[in-house]
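This report looks at how strands and helices are arranged in a structure of more than one chain. Please have the sequence and the 3D view open while reading.

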2 protein chains.
Amino acid sequence: MTLADLTEEQLLARITPRLPGGPGVLVGPGDDTAVLRCDAATIITTDAAVRGRDWRDDWSTPGDVGAKIVAQNLADVAAMGGRPLGLVVTLLADPATTVAWVEGFADGLGEAARTAGAAVLGGDLSSAPRGTLAVSVTALGTLDGQAPVLRSGACAGDQVAVAGTLGRSAAGLLLLERGRPELDEELVATHRRPQPPLAEGPRAGAAGAAGMLDISDGLLRDGARIASASGVALDLSREALAPYAARLAPAVGADDAWECVLGGGEEHSLLACFAGPVPAGWTVIGMVRTGAGVLLDGIPQAPRGWDHFRR
Amino acid sequence: MTLADLTEEQLLARITPRLPGGPGVLVGPGDDTAVLRCDAATIITTDAAVRGRDWRDDWSTPGDVGAKIVAQNLADVAAMGGRPLGLVVTLLADPATTVAWVEGFADGLGEAARTAGAAVLGGDLSSAPRGTLAVSVTALGTLDGQAPVLRSGACAGDQVAVAGTLGRSAAGLLLLERGRPELDEELVATHRRPQPPLAEGPRAGAAGAAGMLDISDGLLRDGARIASASGVALDLSREALAPYAARLAPAVGADDAWECVLGGGEEHSLLACFAGPVPAGWTVIGMVRTGAGVLLDGIPQAPRGWDHFRR
């Protein structure tokens, strides 16, 4: 059965029950808009994924796609020091898309949202040209009264720390590209369904983190964004990063392991700078210094990682 | 120059200055998320548009596409009785898309948002398969302390009223399809850039409106949604609708004029039911009765209008 076999109402009737509500939902799906109980300072972010660019149907189940688009968005909420409240979702689909794909997508999305405490508030379904399948989520969150943690707050002398894994998603993708996913299924699973350390965002904010973001395009590229916004240099330690590379090396080889750690995106771990003590759950990987860009043991690194329209 | 010729940062540097901010924007574009000053009850809605389905490049300028996607979203905010605060925008584009298209789109979007008092808070840029161009907006709004006006509040005995025009967008589209846009450029302009009566939404809410929505898929189809949600029938008056059809008839002919009034979507006028006096700016077009569905002078009408995956 494909989307062309159902009316919009029939399709919504199959999707909506798979999606979590919540106590903050004042008006849920089905009206012109949803209404959500929010704080005075409301976080908003949006992130899309496109088949053929962000996922391949032979490598990711529809549930993987749903879980991943939620993770991407909620990692941005966490990277401000926030907590997710709710989200809306857009599906742009060729009418030949199977209903089973959409149901699986809704299951993965709903499960990830439920786990994170985010209500699914509604969305939009649109038909798209032949072969096109794209999903987009917009997430809302709250700072629970804390100040937002911007990219611009890092100061020379701060410690640079990471919460979550590094390079696993990129290494998992490499294994899929090489046709060897069985070499390390945990890495492949991270590529399919990244598990950002969402609770570490507010915890870091409470601990006085400054210059925080989630690593979506690679450690060097995203680190350079903190450096640029803060007017500082991030000097990373090869020794501190070595365990992350060592975790990957048996599956992808030592050189690619380092490339994955430094340039691999889509993992959505958190990178932050701390003037004071670094909270549990965070690992120090370098220091903030005067200067510009990202260094590795003092040596400037060329930006690496994902750019959306160029490679 | 195409998107493939620029980095994401270079493209953003060309787009962001075209977009309005506002006093409620606590953190604007450029960080992991935006932060917006919101009320306890925050409205959220999302709506997408896809080239080839929602617009044709030979009929709509990029600025038209930007203005229209804002109008669609803000009409949903108005249809809850709300006022827009801000929006985020997603662009999924073939890298061969021209930079000029994206700049024109941002200009049209920015102008429509500025006029409505909505800040543009950020968004997402993603590359898409060859030939694909899609845009998506998520809008946030406030009820300013009023209760939301749902689709479900209509009661037998209420008057049914409309704010804004009827059928002009569909008639304008017909003229484009016939290659005769010069027959009535005002109709074509409504198709390209609908102007929903956004201020009438909160005004209707304050006047006690119940059973309100914006007409995005056609008067009969959207009217049936109010009827279904409220458990009533909407009995429309041919005499009250005749002036709307008469406006269109010289350009498209009398029969198609009625089809446009009853089935034409994308105009985003507001339809609401009132137990008490109907405010200025609203025109009574029928009565709410016991029963189900939409009637015309007491005669049941089959649903007509747009369905996203079937026609």
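In what sense do β3(B) and strand β6 of chain B pair, and over how many bridges? The model discussed here is a predicted one. In this model, β3(B) and β6(B), which covers residues 133–142, pair in the antiparallel sense over nine bridges. One residue pair shows where the two strands meet: Thr42(B) has Thr142(B) of β6(B) as its bridge partner.

Strand β3 of chain B, residues 41–50, is mostly covered, with ten of its ten residues buried. In a regular strand, side chains alternate between the two faces of the sheet. Both faces of β3(B) are covered. On one side the buried residues are Ala41(B), Ile43(B), Thr45(B), Asp47(B) and Ala49(B). On the other side they are Thr42(B), Ile44(B), Thr46(B), Ala48(B) and Val50(B).

β3(B) also pairs with a strand of the other chain: β2(A) and β3(B) are joined in the antiparallel sense over four bridges. Here Ala34(A) has Ile44(B) as its bridge partner. With the chains exchanged, β3(A) is joined by four bridges to β2(B), residues 34–37, and the two run antiparallel. In that pairing Ile44(A) stands opposite Ala34(B).

The table lists strand pairs with their bridges and one residue pair from each.

| Strand pair | Sense | Bridges | One residue pair |
|---|---|---|---|
| β3(A) and β6(A) | antiparallel | nine bridges | Thr46(A) and Thr138(A) |
| β3(A) and β2(B) | antiparallel | four bridges | Ile44(A) and Ala34(B) |
| β8(A) and β10(A) | antiparallel | four bridges | Ala209(A) and Phe274(A) |

Strands of both chains make up one open sheet of six strands, in the order β5(A)-β4(A)-β6(A)-β3(A)-β2(B)-β1(B). The pairing in this sheet is mixed. Its edge strands are β5 of chain A and β1 of chain B, and each of these pairs on one side only. From one strand to the next, the twist averages 25°. Helix α3 of chain A, residues 99–116, lies across β4, β5 and β6 of chain A and runs at about 170° to β4(A).

How many residues does each chain bring to the contact between chain A and chain B? There are 58 residues from chain A and 58 residues from chain B. Elements that each supply at least two residues of the chain A side include β1, β2, β3 and α2. β3(A) gives the most to that side, with nine residues. The residues of the chain A side divide into 31 nonpolar, 15 polar and twelve charged.

Elsewhere in chain A, strand β8, residues 209–214, is mostly covered: six of its six residues are buried. The loop between β8 and α7 of chain A holds Asp217(A). An unreviewed UniProt entry places the feature "binding site" at Asp217(A). Why does Asp217(A) count as buried? Asp217(A) counts as buried because 22 C-beta neighbours lie inside 10 Å, and the cut-off for a buried residue is 20 or more.

In chain B, helices α4 (residues 168–177) and α5 (residues 185–192) pack at an angle of about 110°, their axes 7 Å apart. That angle makes α4(B) roughly perpendicular to α5(B). Among the residues in this contact are Leu173(B) and Leu176(B) of α4(B) and Val188(B) of α5(B). The contact residues divide into six nonpolar, four polar and one charged.

Technical notes. Residues are numbered from 1 along each chain as its sequence is written. Chains are lettered from A and ligands numbered from 1 in the order in which they are written. This is a predicted model: local features need pLDDT of at least 70, side-chain atom pairs count only at pLDDT 80 or more; totals for chains, interfaces and linings use all residues. A residue is buried if 20 or more other C-beta atoms lie within 10 Å of its own, exposed if 12 or fewer, and partly exposed in between; C-beta atoms are placed from the backbone. Two strands pair if DSSP finds at least two bridges between them. UniProt positions are given in the numbering used here, feature names are shortened, and annotations may be inferred rather than shown by experiment. Two residues are in contact if their C-beta atoms, placed from the backbone, lie within 7 Å. Ala, Val, Leu, Ile, Met, Phe, Trp, Tyr, Cys and Pro count as nonpolar, Asp, Glu, Lys and Arg as charged, and the others, Gly among them, as polar. Axes are lines fitted to C-alpha atoms, for helices over the stretch in contact, and angles run from 0 to 180 degrees between N-to-C directions. Angles under 35 degrees count as roughly parallel, over 145 as roughly antiparallel, 65 to 115 as roughly perpendicular and the rest as oblique.
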